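Got your viewer open and a selection box ready? Load the model below, and we'll walk through it stop by stop.

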Amino acid sequence: MAAPMSLGSLLQSKLVEDPLYRDEGLCVLGIFGKSALQPVSAKESLVNTLADKHVFLLFGPEEEAGSSAQGSSIRAYYNEESRVLFLVLTSVCDNRQLLRACEALGSGTGHAEAHELWKGCEKQHCLQLLYLFSLCHVLLLVHPTCAFDVTYDRLFRALDALRQKALPLLRAAIKDCPVSKEWKLNCRPCPPRLLFVFQMNGALKVGGGAGGLGSASSGTDAPGGNPEKPKKHSPRRRLQHALEDQIYRIFRKSRVLTNQSINCLFTVPANQAFVYVLPGPDEDPVGTLLGQLRANCALRDSDASMSLTGPRRYQEMRHSARQPSFTVESSASSSTGSGQLVDCTLKEFLWQHVELVLTKKGFDDSVGRNPQPSHFELPSYSKWAQVAERLHQVMLDCRDEELAELALKVQGQGLLKVLEGFLDADAKFSENRCQKALPLAHSAYQSNLPHNYTTTVHKNQLAQALRVYSQHARGVAFQRYALQLHDDCYKFWSNGHQLCEERSLTDQHCVHKFHQLPKTGEKTEMDRNPPILHHNSRGRSTSSCNCGRKQAQREDPFDIKAANYDFYQMLEEKCCGKLERIHFPVFQPSTPDPAPACDEADEPPEAEAGGEGEQLKEKEAVGHTPGDSTSLSLALSLGQSTDSLGPYGGGDGGEGQEKRPSLVDRQASTVEYLPGMLHSGCPKGLLPKFSSWSLVKLGPAKAYNCHIGLEQPGFLPSSAFLLPWDVVIRCRPEEEMGLSEPLDTGSSSWPAPNKTLPGKRGGAGGLGRGRRGRDDVARAFVGFEYEDSRGRRFLSCGPDKVVKVLGPGGPKEPATRVLNCDMPLYIPSPAQGRGLKPHYAQLTRLFIVVPDAPLDLILTPQIQPGPPPCPVFHPEQAEVVLPPDGFWVLRFPYAYVTERGPCYPPKENQPLASYRILRGILRANTASPAPQ
């Protein structure tokens, strides 16, 4: 074999042997270990020394083409002449592969990821070592210092455990190979003999002869000895003996070595040296050169009459001191003439063990009273290659489908898990620390916990548990056990401790644990897991019916139907079911299974709502701002609507209102319904299944007595009086019919009969003609009712004022103020409780008394229940005409819900001005009968 190659390439190359050596057995020599931080690999140099030729290029380019992704490889060199097959293992323990592994890590690799990479490299290294221990007769452990590394003890115990675990799989792999029964049973040709080669690293100073190759030193003699008497052994030989004793004691104590060699991972000879220390470099370069020159001259003189056959010796080819550590000692340099035993060379040390293999004597390394003989087999290269090929497929690189299952079991995590207890000491420490920290973290999570709690409480407690965990946990297992803590806390929470996350329309949590809602016709069941229950926040409030004449307790609603429809339907059967009413249009299905409309608009409806609100403000500003015309100012001051001005009013008059697009003007869908409430952001042409608004008639106009007020329960004293609203009615036969009254009327006083107001006649304004005849004034009444959760009710005469009537005659404040401004949807209740939290009252009803006069009141309620971009809510019929002589009640929704969720009531720190009912809710339309 001319050059070394990777083991996989050698097994696939079908090496053609010399016929002279084909039937002879071969000795397999494995070399592994660590290398120092130097450009030359000690293991490759040893092969060069033992083969007496340049097998590996010491200073050439890196020859690691066969290295695996994990940075480990086995390279082979077969010396047919000496019948020795060298297997050199290169791993991350060598400087070149260590640098490659560090480069592969990268800068962004975390601690746990780096640890996993190193553990993967170690496991791959262990598999390759087990491969060598299963195929080699002799193993050579190379170490860059002259001190034994005790971590090898843990490594060998791990390999022994791995071998015992993998033996059944390896037997199945080589059962068809042409080897002996003992080999198939033990999965190795013999218990391999392990030898140790240490390098002198300057820790031991040796003086004397040339090259420092074991010369005697005048060290301190033993007590009582002769100081002039030289030692029998050189310092290097004494170091080798000390290392042998130390290694044997360590391995016997850890039971890596036992009496019976057949049961051990490897053996060491009982009567032969198994430790060799390579001499270190000499500090005297001149003496080194003279010693090499003397050795070369002596070799040439002695071999002058002999012709050299074969390759020249490796020592002769080396003309520098680049590798003085591996110089084979000669008798001339080793002999001192002082009576010391001559130190053997590395080849002499190793070849005494190789000769035992080649002569088929084998190793008899068992000790004790009843030693058991161990098996031994010297295979030919072809037989060995078949076994090596099968084991290589199973343990290192599987390319055969027949052995894929075995390879998966051998290289799988289940088998390699045996190594973790021996090799991964830092991970074992980390796991112990994290396991001790988990109970502390669990206790921190469960401290001060209610029986059922929400996601927010769970997250807060989990954060506290993670803080406690991070104070005690350490190492690479930190993240894994942190995830386990997260899972454990979640399981504890979800196993009967999870509170229902549903919030009511008043922003209150459901008090039940996690449950399911009952289906239609299904009863509640507490015993099921999860239980079947209705939502309940344990919140109760007092509310009035549609007309306001009856109060009842109501549960905190969780859906819009229960809030705005079911409760009032229940009270309507007892109170106001027979009252006259105006029905708002709702969805009328034309199919047996109508579907809710999908939200097709990706744009938020708030933009449209804001735009509509701005347009409404602009219309109101134009409608309520006097112009240059005297007649326009006169009309506005008298409370007339600009609809009576005809073309002068432009787009803001009655024609503009008629052309205003509304849902009623469109054909409503009979297939899809609106799942929520109608607001400015809803698609056109959709109606809900039920109306959240109600408009009922309590009776004729005379049903309300302005001196007594509303005779309904729950009102605060002196606050149940409606505000008067004086509407001017024109009775002029020569003028056009159908005049309308704007929101801001002129005067709040009641004019005397048959007396005209000064400054109201004539004028060449927009009408272009003088006034004739007489103006009558009709009095309507308006009241905005607020109700709190305790059922206390009151009427408001302004955005921040409650009606208070202290004397007879009713309130003095006109309704102009409340009609011409944005009224708040929520105001602080005048009857606050003892707590620090403010108590709010909500706008619930609008009372309207339409007088018995040629007058129609047009109702256009628009409510914005939140700060922008909250949409504007309105009934299903945008404009409702209230006929004369009627006492009407408009009940507003109890809760407001969009497709994106409910609009919750304001919190303590939120401004109430953002929750409002827009101005323009009511306007008058006067009509006089034509003259007879």
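What follows is a short tour, from the whole chain down to single strands and residues.

**Whole chain**

Keep in mind that this is a predicted model. Start with everything shown as a cartoon: the chain has 23 helices and 29 strands. Now colour by burial, and 48% of the 932 residues count as buried. Switch to a surface and you are looking at about 45,800 Å² of exposed area, with 52% of it supplied by carbon and sulfur atoms. If you like contact maps, take the contacts with a separation of 6 or more: 75% of them are between residues 24 or more positions apart.

**Stop 1: strand E4**

Select residues 84-90, which make up strand E4. How many of the seven residues are buried? Seven of the seven, so E4 is largely enclosed by the rest of the structure. Show the side chains and check the two faces: Val84, Phe86, Val88 and Thr90 are buried on one side, and Leu85, Leu87 and Leu89 are buried on the other.

Next, add the partners of E4. Strand E2 (residues 27-33) runs parallel to E4, joined by five bridges. To find your way around that pairing, pick Leu29, which stands opposite Phe86. Strand E3 (residues 73-79) runs antiparallel to E4, and here seven bridges do the joining. Tyr78 is a handy marker on this one, standing opposite Leu85. Follow the backbone from E3 into E4 and you pass through a hairpin with four residues between the strands. Stop at Arg83 in that turn and check its phi: it is positive, about 60°.

**Stop 2: helix H18**

Jump to residues 478-494 for helix H18. Put a distance between the first C-alpha and the last: the 17 residues reach 24 Å, close to the 24 Å expected at 1.5 Å a residue. Which residues of H18 are buried? Select Tyr481, Ala482, Leu485, Cys489 and Trp493. Look down the axis and you'll see why they belong together: they cover an arc of only 120°, which puts them on the same side of H18. To see part of what covers them, add helix H16 (425-446) and helix H17 (455-472). Before you leave, step just past the end of H18 to Gly496, where phi is positive, at about 90°.

**Stop 3: the E8 and E9 hairpin**

Select strand E8 (residues 540-544) together with E9, and you have an antiparallel pair over five bridges. Ser541 is a good place to centre the view, standing opposite Arg554 in E9. Between the two strands lie six residues, and in this hairpin Gly548 has a positive phi near 90°.

Now isolate E9 (residues 551-555) and turn on its side chains, which alternate. Ala552 and Arg554 point to one face and are buried. Gln551, Gln553 and Glu555 point to the other face and are not buried.

**Stop 4: a three-strand sheet**

For the last stop, bring up the open sheet with the order E19-E28-E23, where the pairing is antiparallel. Strand E19 (823-824) and strand E23 (863-865) stand at the edges with a single partner strand each, so one side of each has no neighbour in the sheet. Zoom in on E19 and strand E28 (residues 915-917), which pair over two bridges. Met823 stands opposite Ile917 in E28, so label those two.

Technical notes:
Residues numbered from 1 in each chain as written. Predicted model: local features only at pLDDT ≥ 70, side-chain atom pairs only at ≥ 80, totals over all residues. Heavy atoms only, no water. Expected span 1.5 Å × (residues − 1). Buried < 20%, exposed > 50% of the residue type's maximum accessible area, 1.4 Å probe, protein only. Arc of directions from axis to C-beta. Contact = heavy atoms within 4.5 Å. Pairing = 2+ DSSP bridges. Areas by Shrake-Rupley, 256 points an atom, 1.4 Å probe, with all protein chains shown as cover.
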